[in-house]
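Let's take a walk through this model, one stop at a time. Have the structure open and turn it as you read.

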Amino acid sequence: MITTHVVPDARTAGSLVAERIARLVRAVPAAVIGVATGSSPLPVYRALADLVDGGLDLSRVTWFALDEYVGLPPEHPESYRSVLDRELVAPLGLDRLRVHVPEPGSDPYAAAAAYEADIVRAGGIDLQLLGIGGNGHLGFNEPGTPFGIPTHVAELTHATRRDNARFFPSLLEVPTLCVTQGLGTIGRARAHALIATGEAKAAAVAAALTGPVGPECPGSLLQRCPDVFVALDDAAAGGVEPTGQEIDAVR
Ligand code: GLP
């Protein structure tokens, strides 16, 4: 079931998702949480940092990133390892060793299999935080990716490389391959929280939440998932109707 909350701005959307995460951790202190990169989740991490300042204890949580570029060393400032160190580990005061990120190294195929096994060994993901690509991608699962696929090596589409070029000196430096949790991996998470903000996401959000379910829109996988919390700002919501309760009621 999908519960959609529409709020005026990204900051409020981030607070709502942070509250959803906090609700899980208060109930299950050793929860396994999937985390995303990109700009969408940043307000979530900021709001979580405030909750940690207010006493939320994340010390027993295990974290799994969605994906990582192939060909960037972990210490490259735009590797997702570095991005998560900067945006999640440091501000929340987490133990870096509890935040898992695929390590493609010289054998990305082996790294993908090892990562999938690590998630299984951790007991699976309790709550997967997601952004969505402008073309509906989840992680780096581009349109056309089969729903059942596990963590794998994938090629980035030109559109996604262009979108992500803003983080690199030029398009040429954006990697072409990545290791990403597959739609099978993402779909097996016991709950999901999607945050999308800005007009550029409106079409992808509408397709994911209300369009036909199938690989043409990876985000439409969420319509098959049992517990999906969606936080949108007005611009990303477009015509999508809210089904969520008022902010206080979700706390
Ligand atoms: C990237 C990431 C996705 C993310 C998406 C949207 O390619 N691999 O996990 O959801 O792009 O990014 P943003 O939130 O910056 O729009």
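Start with Leu88, and keep in mind that this is a predicted model. Its relative accessibility is 0%, so Leu88 counts as buried. You'll find Leu88 in helix α3, which runs over residues 80–92. What does Leu88 touch once its neighbours within four places in sequence are set aside? The contacts are Val35, Tyr45, Trp63, Val83, Leu94 and Val99. For a sense of how the chain folds back here, take Arg46: Leu88 and Arg46 are 42 residues apart in sequence, with their C-alpha atoms 8.5 Å apart in space.

Tyr45, one of those contacts of Leu88, takes us to helix α2, where Tyr45 is among the buried residues. Helix α2 covers residues 42–53. Its 12 residues, at 1.5 Å each, should span 16 Å, and the end C-alpha atoms are 17 Å apart, so the two agree. A good part of α2 is hidden from solvent: Leu42, Pro43, Val44, Tyr45, Ala47, Leu48, Ala49 and Leu51 are buried. What do these buried residues pack against? The partners are helices α1 (10–27) and α3, along with strands β2 (32–35), β6 (127–130) and β9. Just past the helix, look at the backbone of Gly55, which takes a positive phi of about 115 degrees.

Now step back to the loop that leads from β2 into α2, where Ser40 sits. Is Ser40 buried or exposed? With 10% relative accessibility, Ser40 counts as buried, the cut-off being under 20%. Leaving out residues up to four places away in sequence, Ser40 touches Gly131, Ile195 and Lys201.

From Ser40 we can jump 98 residues along the sequence to Leu138, whose C-alpha lies 12 Å from that of Ser40. Leu138 belongs to the loop between β6 and β7 (152–155). Being in a loop doesn't leave this residue out in the open: at 0% relative accessibility, Leu138 counts as buried. Its contacts, again not counting residues up to four places away, are Leu130, Gly131, Ile132, Leu183, Ile186, Pro218, Gly219 and Leu221. Notice Gly131 in that list, since Ser40 touches Gly131 too.

Next, helix α7, residues 202–210. Here Ala202, Ala204, Val205, Ala208 and Leu209 are buried. They take up an arc of only 160 degrees around the axis, and therefore sit on the same side of α7. Which exposed residues does the face turned away from that buried side carry? They are Ala203 and Thr210. As for what the buried residues of α7 pack against, look for β1 (2–7), β9 (192–196), β10 (228–233) and α8 (234–237). Strand β9 thus turns up among the partners of α7 as well as among those of α2.

Follow the chain out of α7 towards β10 and you reach Gly214, in the loop between them. At 14% relative accessibility, Gly214 counts as buried. Its contacts, with residues up to four places away left out, are Phe147 and Ser220. Compare its place with that of Val35: the two are 179 residues apart along the chain, and 23 Å separates their C-alpha atoms.

So much for the packing; what about the empty space? Rolling a probe the size of a water molecule over the atoms shows where such space is left. The largest pocket holds about 600 Å³. It is lined by 30 residues, and the closest to its centre are Thr37, Gly38, Ser39, Asn164 and Arg166. Elements giving two or more residues to this lining are β4 (67–69), α3 and α5 (158–164), with the largest share, 4 residues, coming from α3. By class, the lining has 11 nonpolar, 12 polar and 7 charged residues.

The second largest pocket has a volume of about 340 Å³. Of its 20 lining residues, Arg81, Val101, Pro102, Glu103 and Pro104 lie nearest the centre. Two or more residues each come from β4, β5 (99–100) and α4 (108–121), and α4 gives the largest share, with 4 residues. This lining divides into 12 nonpolar, 3 polar and 5 charged residues. Strand β4 is one to look at twice, as it contributes to the lining of the largest pocket and to that of the second largest.

Conventions. Residues are numbered from 1 along each chain as its sequence is written. This is a predicted model: local features need pLDDT of at least 70, side-chain atom pairs count only at pLDDT 80 or more; totals for chains, interfaces and linings use all residues. Side-chain values use heavy atoms; hydrogens and water are left out. Buried means under 20% relative accessible area, exposed over 50%, partly exposed in between (1.4 Å probe, protein chains only). The arc is that of the directions from the helix axis to the C-beta atoms. Contact means heavy atoms within 4.5 Å. On a 1 Å grid over the protein atoms alone, a cavity is a set of points where a 1.4 Å probe fits but cannot get out, and a pocket is an open set with protein on both sides within 12 Å along at least five of seven lines; lining residues have an atom within 4 Å of a point. Grid points are joined across faces, edges and corners, and a volume is the space filled by probe spheres set on the points. Ala, Val, Leu, Ile, Met, Phe, Trp, Tyr, Cys and Pro count as nonpolar, Asp, Glu, Lys and Arg as charged, and the others, Gly among them, as polar. The expected span of a helix is 1.5 Å times one less than its number of residues.
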